[in-house]
Amino acid sequence: MVSREYIESVIAKQMRMDGRKFDEYRPITIEYGISSKSAEGSARVKIGDTEVVAGVKLELGTPFSDKPDEGSIMVNVELLPLSSTLFESGPPSIDAIELSRVTDRGIRESNALDFKKLCVKTGEKVWLVFIDIYPINAGGNLFDACNLVTLAALRDAVFPALTAENKVDYSKKTKTKLPLSKLPIACTVWKVHNEFIVDPTIEEELAAHARLSTVFTDDGKICAMQKGGESPLTSEEISTILDLAERKTQELRRHFK
Amino acid sequence: MKYTKRLDGRKFDELRPMKAEVGVVKNAVGSARFQIGKTVAIAAVYGPKDLFPKFLQKPQNALLRCYYNMMAFSGSGERVRPGANRRSKEISMVIEKAFEPVLDLSEFPKAVVDVYIELIQTDAGTRCAGICAASLALADAGFDMKDLVCAVSCGLVGDQVVVDLDKTEEDFEGGAVDIPIAMLPRTGEITLLQLDGEISKDDLKKAIEAGKEACQKIYEIQKAALRAKYAQEVVA
């Protein structure tokens, strides 16, 4: 692993280890239906060396009592030790929980999924959408990768069939897609040695002092944010980051065209 | 119950289409993907590395630890609850035992070698796909091995001996017997053997022989996958 000092010294020279510009992502590929036999929707996203997969499973459950006519989503990221020496087996680490919750917020707060359309019978039966995300190779920028793979898996997903008694028949899929009306796209900007970069490698992440994830909806509204890292950010810095993130999410959105 | 024609049209001794690729997880010391029909397994090897707590250390050898896991969305019905359960723990243990006879870890006393196996999609034969992937991942990592390990399920569907049962055959209404086996292809020795169902001694022997023949075919696929990675590297 390259030292923090070295990464900082490279950034200070206005360069990056792999020759990219500060605002440049590594090549991105999105693949749909990678577990179509098992999952109702699935996808794989690669950003450079980083690879994540996600699957959507749908289950029928009872609605929350305060929202009797709404379904719900559950986002779960598991940081597999298969994907990096930085992860260990055992209960979810705080990093995995943060990733899950930030990814969840992007979808939930943008109202990208119409929860009311997930209602089967008011007060009794609603669809619960489980989104499980796994890194296969963790090579930096899991925040943006988890957001992209979630959107891809949701776009891929269809409802399973229901029997006459309103039970799920997982062996039959319908052609009905999930009610996904928006694409809330995340861009995380990292502060390394007083510079702002996107799509860091693992080494760059470990050298960073602060990060800010921002999720933008299709019409340019902000629907979720999360600041991380031990250093503070000034209002001017946040403003710079928002401009950069907005521009990059517009670019990322093209991958879904 | 008679089983005269396989549900997916295969011959009784025919494997599903298989695909293998070595070196699929860049961060790992060794890794591979192995696909049997619609069952997809990825294995990654990390180590040798320090082992704690210390009382687990073996003075002569590195410890081999395998972790078998189905991704939450990889099951055929409802979502699989994440985390280890009794089934995954038992499978992890028998997979460790399947590799112990071939793997020489005496160069790394007191250390540990971890093998992580993840199932992305399942259609029966998951532990066999996992073993085939793990075998390639261990070879890719460069550990001393006496042989690769090949695995396949064999058994009975209805009254018929078959190899490589898929999920619809495992669930055959006329009854099915599932016998996962792992074999060392050069000696024919068996390092994993389990059985679910009811079968006569004669049919069991026939099934195991059919499984051993199928393992030889898997061996060729594994060797080709290793060559595909390392032949390229030599040329480069």
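The turns below go through a predicted model of two chains, A and B.

Biologist: What confidence cut-offs apply to this model, and how are residues and chains labelled?
Modeller: The model is predicted: local features need pLDDT of at least 70 and side-chain atom pairs count only at pLDDT 80 or more, whereas totals for chains, interfaces and linings use all residues. Residues are numbered from 1 along each chain as its sequence is written, and chains are lettered from A and ligands numbered from 1 in the order in which they are written.

Biologist: How many helices and strands does chain A have?
Modeller: Helices (H or I, at least four residues) and strands (E, at least two) are DSSP runs, numbered from the N terminus. On that basis chain A has five helices and 12 strands.

Biologist: What is the radius of gyration of chain A?
Modeller: The radius is taken over C-alpha atoms, and the globule rule is 2.2 Å times the number of residues to the power 0.38. For 257 residues the rule gives 18 Å, and chain A is close to that, so it is as compact as a globular protein of that length; its radius of gyration is 19 Å.

Biologist: What share of the residues in chain A is buried?
Modeller: A residue is buried if 20 or more other C-beta atoms lie within 10 Å of its own, exposed if 12 or fewer, and partly exposed in between, with C-beta atoms placed from the backbone. Of the 257 residues in chain A, the buried ones make up 44%.

Biologist: How many helices and strands are in chain B, and what share of its residues counts as buried?
Modeller: Chain B comes to four helices and 11 strands. Its C-alpha trace spans about 55 × 45 × 35 Å along the principal axes. Of its 236 residues, the share that counts as buried is 50%.

Biologist: Which residues of H5(A) are buried?
Modeller: Helix H5 of chain A runs over residues 235-253 and reaches 27 Å from first C-alpha to last, close to the 27 Å expected at 1.5 Å times one less than its number of residues. On one side A:Glu236, A:Ser239 and A:Asp243 are exposed. On the other side, the buried residues are A:Ile241, A:Ala245, A:Lys248, A:Thr249 and A:Leu252.

Biologist: Why are those residues on the same side of H5(A)?
Modeller: The arc is that of the directions from the helix axis to the C-beta atoms. The buried residues of H5(A) pack against helix H3, strand E9, strand E10 and strand E11 of chain A. They lie on the same side because they cover an arc of only 105°.

Biologist: Which residues does A:Val149 contact beyond its sequence neighbours?
Modeller: Two residues are in contact if their C-beta atoms, placed from the backbone, lie within 7 Å. Neighbours within four places in sequence are left aside; the contacts are then A:Ala43, A:Val45, A:Val52, A:Val53, A:Ala54 and A:Ile133.

Biologist: Which element gives the largest share of the largest nonpolar core?
Modeller: Such a core is a set of buried Ala, Val, Leu, Ile, Met, Phe, Trp, Tyr and Cys residues joined through C-beta atoms within 7 Å. The largest has 147 residues, and A:Val52, A:Val149, B:Ala43, B:Ala133, B:Ala137 and B:Cys150 touch the most other members. The largest share, 11 residues, comes from helix H2 (residues 126-141) of chain B.

Biologist: Which elements of chain A give two or more residues to the side that touches chain B?
Modeller: In all, 29 residues of chain A are in contact with 25 residues of chain B. The elements of chain A that meet the condition are strand E3 (50-61) and strand E6 (125-137).

Biologist: Where is the cis peptide bond that ends at B:Pro48?
Modeller: The bond joins B:Gly47 and B:Pro48, with omega about 0°. B:Pro48 has its place in strand E3 (residues 39-50) of chain B.

Biologist: Is A:Asn141 buried or exposed?
Modeller: A:Asn141 sits in the loop between E6 and H3 of chain A, and its phi is near 60°, a positive value in a residue other than glycine. With 26 C-beta neighbours inside 10 Å, A:Asn141 counts as buried.
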